[in-house]
Amino acid sequence: MTAIERLTAALLELADRDQRTPCQGRRSARWTSDKHDDLEWAAWVCTSMACPLLALCGQAADELKVTACTWGGTVRSPKPKRKAS
């Protein structure tokens with residue numbers, strides 16, 4: 001079974017128990033935001049709220065070679081370059 005399949009199964013199992021991960025809450029857009037501060041906040045929430053799927057989420061992101069958003073408590077988007085003054 002792939003990491004993506006394991007993550008999907010775990011999300012469905014949580015849903016069956018009427019539970020959610022932090023990224024499924026009312027502020028879920030922060031996990032996919034274009035703003036790096038939002039992504040960093042989302043990563044902090046993943047780890048500070050002890051998401052039960054943290055490791056699986058990170059494994060799925062690695063498997064997919066994700067290069068954007070926040071997955072598994074890690075910001076996968078490149079940090080924006082600061083403009084020279």
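**Tryptophans and a nonpolar core**

Trp31 is buried, its relative accessible area being 5%. This value, like the others described here, comes from a predicted model. Trp31 falls under the 20% limit for a buried residue, whereas Trp41, at 25% relative accessibility, counts as partly exposed.

These two residues are a good place to start a tour, for the structure holds one aromatic pair, and Trp31 and Trp41 are its members. Their arrangement is edge-to-face, with 5.7 Å from centre to centre and an angle of 75° between the planes. The pair links distant parts of the chain, with the partners 10 residues apart. Trp31 belongs to the loop between α1 and α2 (36–48), while Trp41 lies in helix α2 itself. Trp41 has a further neighbour in Arg30, whose charged end sits over the Trp41 ring at 4.3 Å from the ring centre.

From the tryptophans, the description moves on to the nonpolar core. The largest such core is made up of eight residues, namely Ala3, Leu7, Ala10, Leu14, Cys51, Leu53, Cys57 and Ala60. Two or more of these residues are supplied by each of the elements α1 (3–16) and α3 (54–64). The contribution of α1 is the greatest, at four residues.

Leu53, one of the core residues, offers a closer view of the packing. Leaving aside residues up to four places away in sequence, Leu53 touches Leu7, Ala10, Leu11, Leu14 and Thr21. Among these partners, Leu7, Ala10 and Leu14 are also listed in the largest nonpolar core.

Methods
Residues numbered from 1 in each chain as written. Predicted model: local features only at pLDDT ≥ 70, side-chain atom pairs only at ≥ 80, totals over all residues. Heavy atoms only, no water. Core = buried A, V, L, I, M, F, W, Y, C linked by side-chain atoms within 4.5 Å. Buried < 20%, exposed > 50% of the residue type's maximum accessible area, 1.4 Å probe, protein only. Contact = heavy atoms within 4.5 Å. Phe/Tyr/Trp six-rings, centres within 6.5 Å; stacked < 30°, edge-to-face > 60°. Lys NZ or Arg CZ within 6 Å of the ring centre and 35° of its normal.
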